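Biologist: I'm new to this one. Could you pick a single part, take a close look at it, and then walk me outward from there to the rest?

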Amino acid sequence: MNRSLARRERRGAVLVLIALIISFMSVAGALLMTGAMRAAHDLSEVERARCEGEFLARAALDAGQTALETALFSGTEVPTTGEYEIADHVAPYTIEELHAPEIEQAPEGYQRFFSVYGIESAVEVDGARVVHRRIVRAHQIPLFQYAVFYEGDLRIHPGPKMVLSGPVHTNGDLWVRSSDGLVFDTNYVHSAGDIHNWCISTSVHQIEYRKWVPDPWDPSYPEEYEGAERESDFTSAGVPTGTGGFDSEFDGFDANGDGDWDDVGDYAPWELRALELWGPATGVTEEGHTVMDRSHGARPINHNGALQLEPFVETDGGDYDYDSGLDDYVAVPAGTGTYTKGALHGSADLVVTFDGTNWSVADSVGTDLTAAVSPALSKVDTFNGYADGGAGNDEPTLVIDVEALGKTGHFPENGLVYLRAPGIGPDTDVISFRLTNGSELAGAISFASEAPVYIRGDYNTVDKKPAAVMADQVCVLSNAWDDSKDASSLPNATETTYNVSVYSGETAYDAVNGVEQNGGYHNVLRYHENWSGITCHTLGSTVIPLTSKYYPTRFAGGGHFYNPPNRDFAFDPDLISDPDNLPPFTPMGVEVVVVAAN
């Protein structure tokens, strides 16, 4: 009995011990589990904070790059610091110039300014610190280095023969058609979209492009041209194709079906054959290609568009508010408003304001110069045949005698005059400006306006200076214009020359029954006279980065509208040879390329 009891007691002690061990292990396991869960939670929080920091830092870098681009667009000082805000987080960034702007020849052939900047963002979220850096190469491309620059689709289909010299670029598609001949005497025809070898209808003659040479203005290089086959050319050769002939839509033709493009009767696809047709001319050892579309890597060029011309732009913490009763912008305490002056308005050394009846003039700090400058100003009415749905309408116009302006003692020191038109309205209520007596300029000068601007008579033809007109729409009036035009007449023009670069808007393109409604590039400069058989000479650059805001959208010829001139449109090579030849405040295209990042 005693022995059995002892055994039972020993078994009981063992069971108690086992129970104690199990209990201890359970408590320890629970503690370990709790610790592991706490550690996992802590690690999760650290990872969450790190991920938030990563997002914020990279977003701040993007904000810094945008701030850099904005400053380069507007020609203002690049900020050295800034912040990106989202929800309850603020992520700072810094911008440092690592290489000052310097001129260089771009691979595409134009000249550009390049500079290098470092952008950094350091963000701390709940103890997790994240730092990211980015080095960017900033390119500023003077847009007046292009003979033709378009934001939207570029349409060129002149009646009389046209020879275009100088670089041609469109951020959209290029549509071309030749009636009596269209020749591109340049080493640069680029479309960031597609190139279409027809416009409204097919061509009478082949479009000709010059084979590539490093400098098309150097007479030592050969002048060789190759045409682009029309649909009729391909049909005659037994090549099935669409309306366009040889263009971006051409997929090639393998005559014997052997899988290559090397045999007689073969035509390689556009992407390959365009590079061959308009590659280097005979004897040229350098590599280049005149005609390129998006399939060849042609890219859009960013720009500031209509914001260049706007008198005021919406901005948090601005110095102006819009007053609907006055239909104008009024100054408020600095930093409390919702608008600031636009890029050109804010930079102008001379601001002329015209509301359709009265005018005033001020300098860059607001000093009233009306009395001093008024001898160079006068008011007339200009009959605009396109207004009121094509019925025509007289519009109040402020005439600026450019020669007289130079004698007032207030010719702009920085070369920029801004022409304001508060209360301007569309179609029947348009207010406009007119530049006259400008054959000899007192110095380099650019006129900029939110409104349409007319140029009357020979402009900048004596001792040519850098000159530009940047406006919602630019119209040309010949030396013969005398304000006699009305709804029943179309006065005759006389030969006139305009040496000026143009930054302007185009009317919207709407084809109605196959008829071009905006007139295409060759009618961007609006005519208002009978130019039949008369030559209109232009020398400069045409930049069309926007759709006209105020000008009537309708385009028409004949009647009381216009008859087209013999167009002698030439690019001024001085614009590309030396930056000092560019007009004051030439608008810039901006390209910011990331070269290194972590």
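**A loop and the strand after it**

Modeller: Let's start at N460, which sits in the loop between β27 (452–456) and β28. Keep in mind that this is a predicted model. What is the phi of N460? It is positive, at about 60°, although N460 is not a glycine. That catches the eye because most residues other than glycine have a negative phi. Is N460 buried or exposed? N460 has 0% relative accessibility, so it counts as buried.

Follow the chain out of that loop and you reach strand β28, which covers residues 467–470. Both of its faces are covered: A467 and V469 are buried on one side, and A468 and M470 are buried on the other. Now look at the strands that pair with β28. Strand β26 (residues 445–449) runs parallel to β28, and four bridges join the two. To find your place there, take I445, whose bridge partner in β28 is A467. Strand β31 (residues 501–506) also pairs with β28 in the parallel sense, over three bridges. There the landmark is M470, which stands opposite Y503 in β31.

Now for the nonpolar packing. The largest nonpolar core has 107 residues. Which residues have the most contacts inside it? They are I156, F184, Y209, F447 and Y459. F447 falls within the residue range of β26. F184 is a good one to zoom in on: beyond its neighbours within four places in sequence, it is in contact with I156, L164, V168, V176, V189, I207, E208, Y209, R210 and Y225. There is also a second, separate core of 25 residues, with A49, A63, L68 and V123 among its members.

I156 leads us to another sheet. An open sheet of three strands has the order β6-β9-β12, and its pairing is parallel. The edges belong to β6 (154–156) and β12 (195–196); each has a single partner strand, so one side of each is left without a neighbour in the sheet. Three bridges link β6 in the parallel sense to strand β9 (residues 174–176), and L154 stands opposite L174 in β9.

Next, a stop at S121, in strand β3 (residues 111–125). S121 counts as buried because its relative accessibility is 0%. Its side chain has a polar atom 2.8 Å from the backbone oxygen of P92. Setting aside neighbours within four places in sequence, S121 is in contact with A57, A60, L61, P92, Y93, V130, V131 and H132. So P92 turns up both in that list and in the polar pairing.

H345 makes a nice companion to S121. You'll find H345 in helix α4 (residues 343–347), and at 4% relative accessibility it counts as buried. Its side chain reaches the backbone oxygen of P311 at 2.7 Å. Leaving out residues up to four places away in sequence, H345 touches E310, P311, F312, V351, Y418 and R420. How far is H345 from L419? They are 74 residues apart in sequence, with 8.3 Å between their C-alpha atoms.

You may be wondering about cysteines. C475 counts as buried at 0% relative accessibility, and C536 is buried with a relative accessible area of 0%. How many disulfides are there? The count comes to zero.

Before zooming out, set F585 beside our starting residue. F585 also has a positive phi, near 60°, and is a residue other than glycine. Its place is in the loop between α7 (574–577) and β36 (588–597). While N460 is buried, F585 is partly exposed, with a relative accessible area of 34%.

Now the wide view. The protein chain has seven helices and 36 strands. Of its 598 residues, 49% are buried. The accessible surface comes to about 26,400 Å², and carbon and sulfur atoms account for 51% of that. Among contacts between residues at least 6 apart in sequence, 62% join residues at least 24 apart.

How values were computed: Residues are numbered from 1 along each chain as its sequence is written. This is a predicted model: local features need pLDDT of at least 70, side-chain atom pairs count only at pLDDT 80 or more; totals for chains, interfaces and linings use all residues. Side-chain values use heavy atoms; hydrogens and water are left out. Buried means under 20% relative accessible area, exposed over 50%, partly exposed in between (1.4 Å probe, protein chains only). A polar contact is a pair of N or O atoms within 3.5 Å; within protein, one must be able to donate a hydrogen and the other to accept it, and residues adjacent in sequence count only if both atoms are side-chain atoms. Contact means heavy atoms within 4.5 Å. Accessible areas come from the Shrake-Rupley method with a 1.4 Å probe; for residues, only the protein chains shown count as cover. Two strands pair if DSSP finds at least two bridges between them. A disulfide is a pair of cysteine sulfur atoms within 2.5 Å. A nonpolar core is a set of buried Ala, Val, Leu, Ile, Met, Phe, Trp, Tyr and Cys residues joined through side-chain atoms within 4.5 Å.
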